[in-house]
Amino acid sequence: MFETANISIFAGSGGRIFAERMCRYMNKPLGSCEVIKFSEGNTFVRINETVRDRDIFLVQPIGMNSNDEFVEILFWMDAFKRANALSCTLIMPYFGYGKGDKKDEPRVSIRARVCAECMELAGADRFVTMDLHAPQLQGFWKKPVDHLYALPMLTEVIKRMDTSNMVVVSPDAGFAKQARKFADTLDLPIAIGDKTRTDHLENAKILEVIGDVKDKNCLIVDDFTISGGTLVNLAESLKVRGARDIVAMLSHNIISAEGVNKINASPISMVYSTDTVENPNIIGQQKFRTVSVAPMFAETIMRYYNYQSVNAMFSQLPERVVSAGFGFTGLEM
């Protein structure tokens, strides 16, 4: 189907399961490497096979252990370049520092820009990521960025439900544009929450809901959640306004253990998310379901490497991608 002879895929400590799913889809072995954490906090990385004149793809999200995962990326890029790799592409399914995309108060760092520049200086030639917190983050890199969206895979989940009485709900105006894409794809109406946040304590308050949700099943869509607070507050506001069943759908799931408890005690019946981050807090939790986007990344790499269009990754996914994405996480088709 695709020529991938000169590609080698390696995984950082936070991306191994995701990388293994990519390799299974591509029918390639995962490259041999290791990460050692020393007792004082230092990180050591080592490649255990030759990478000379090969196109390297490193899989590492910046997610549940942001600082360690970020520093590890820098060391990996340096190691690959010093081992004479032909090119180095960072497969970063989730960019946790994307939240720091602006200077919105005095004397603060634009953290996303700092991270982007450091990764380029360390040797990354290209980046592949998914659902950045703000699309304009792509401009923080001088090197090419392939920005994928979880929407095509997540909407495949919704298409298997009864959507006859469903409305898509955005938690705030900031995500309304992306929520509109969900609504248009599924041919559903949309409602928008009016959210305010006064500090960095990961707590937000829903002031109002714009749109008709009475006697409707609601699909809340967002890019990620940490505390679960926004989702729960919005779900409670929807219930007050007469909503029926409430389902949430996230591009990334980095929810804390406390957030899981909030969701379990909330009116939300199910939370669907992708596997961009391997989150131990949701394992075995009845209200959480995961679909894999690793096949999307793998398919994108193969098409990019073979000079073919990646347009299908943004609209109607090939059936083999959907089947693999459902199968890797055991989600029923």
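**Helix packing around α1 and α9**

Biologist: Happy to look at this with you! Which residues in α9 do R21, R24 and Y25 in α1 meet?

Modeller: This is a predicted model, so the contacts are computed from its atoms. The α1 side of the contact consists of R21, R24 and Y25. The residues of the α1–α9 contact divide into 4 nonpolar, 1 polar and 3 charged. On the α9 side, the partners are R320, V321, A324, F328 and T329.

Biologist: Are α1 and α9 parallel, perpendicular or oblique to each other?

Modeller: Their axes are 11 Å apart and make an angle of about 135°. The crossing of these two helices is right-handed. An angle over 115 degrees but not over 145 falls outside the perpendicular and antiparallel ranges, and α1 and α9 are therefore oblique.

Biologist: Nice. Which elements are included in what covers the buried residues of α1?

Modeller: Helix α1 spans residues 16-26, and its buried residues are F18, A19, R21, M22, C23, Y25 and M26. Of these, R21 and Y25 also take part in the contact with α9. The cover over the buried residues includes strands and helices, namely β1 (7-11), β4 (55-59), β5 (87-92), α8 (294-305) and α9 (319-329).

Biologist: At what angle do α8 and α9 pack?

Modeller: The axes of α8 and α9 lie 9 Å apart. P295, M296, E299 and R303 of α8 make the contact with R320, V321, A324, G325 and F328 of α9. Those residues divide into 5 nonpolar, 1 polar and 3 charged. The helices pack at an angle of about 145°.

Biologist: And α4, is it roughly parallel or roughly perpendicular to α9?

Modeller: Helix α4 covers residues 151-158, and its axis is 11 Å from that of α9, at an angle of about 70°. That value lies in the 65 to 115 range, which makes α4, relative to α9, roughly perpendicular.

Biologist: Which residues in α9 do M153, E156 and V157 in α4 meet?

Modeller: The contact of α4 with α9 divides into 5 nonpolar residues, 1 polar and 1 charged. M153, E156 and V157 are the α4 residues in it. Facing them in α9 are V321, V322, G325 and F326.

Biologist: Let's turn to the core. Which residues of the largest nonpolar core touch the most other members?

Modeller: The largest core has 54 residues. There is also a second, separate core of 32 residues, including I47, V51, M77 and A85. In the largest one, the residues that touch the most other members are M22, L219, M249 and F297.

Biologist: Which residues does M249 touch, not counting those up to four places away in sequence?

Modeller: M249 is one of the residues with the most contacts to other members of the largest core. With its sequence neighbours up to four places away set aside, M249 touches L154, V157, I158, F182, L219, I220, V221, D222 and Y272.

Biologist: Is N27 buried or exposed?

Modeller: N27 comes just after α1, in the loop between α1 and β2 (33-37). Its phi is near 55°, a positive value in a residue other than glycine. At 72% relative accessibility, which is over 50%, N27 counts as exposed.

Biologist: Last one: is D131 buried or exposed?

Modeller: D131 sits in the loop between β6 (126-130) and β7 (145-148). D131 also has a positive phi, about 45°, although it is not a glycine. Its relative accessible area is 9%, under the 20% cut-off, so D131 is buried.

Conventions
Residues numbered from 1 in each chain as written. Predicted model: local features only at pLDDT ≥ 70, side-chain atom pairs only at ≥ 80, totals over all residues. Heavy atoms only, no water. Buried < 20%, exposed > 50% of the residue type's maximum accessible area, 1.4 Å probe, protein only. Helix = DSSP H or I, 4+ residues; strand = E, 2+ residues; numbered from the N terminus. Contact = heavy atoms within 4.5 Å. Axes fitted to C-alpha atoms, helices over the stretch in contact; angles between N-to-C directions. Nonpolar A, V, L, I, M, F, W, Y, C, P; charged D, E, K, R; others polar. Parallel < 35°, antiparallel > 145°, perpendicular 65-115°, else oblique. Left-handed = near helix turned anticlockwise from the far one by under 90°. Core = buried A, V, L, I, M, F, W, Y, C linked by side-chain atoms within 4.5 Å.
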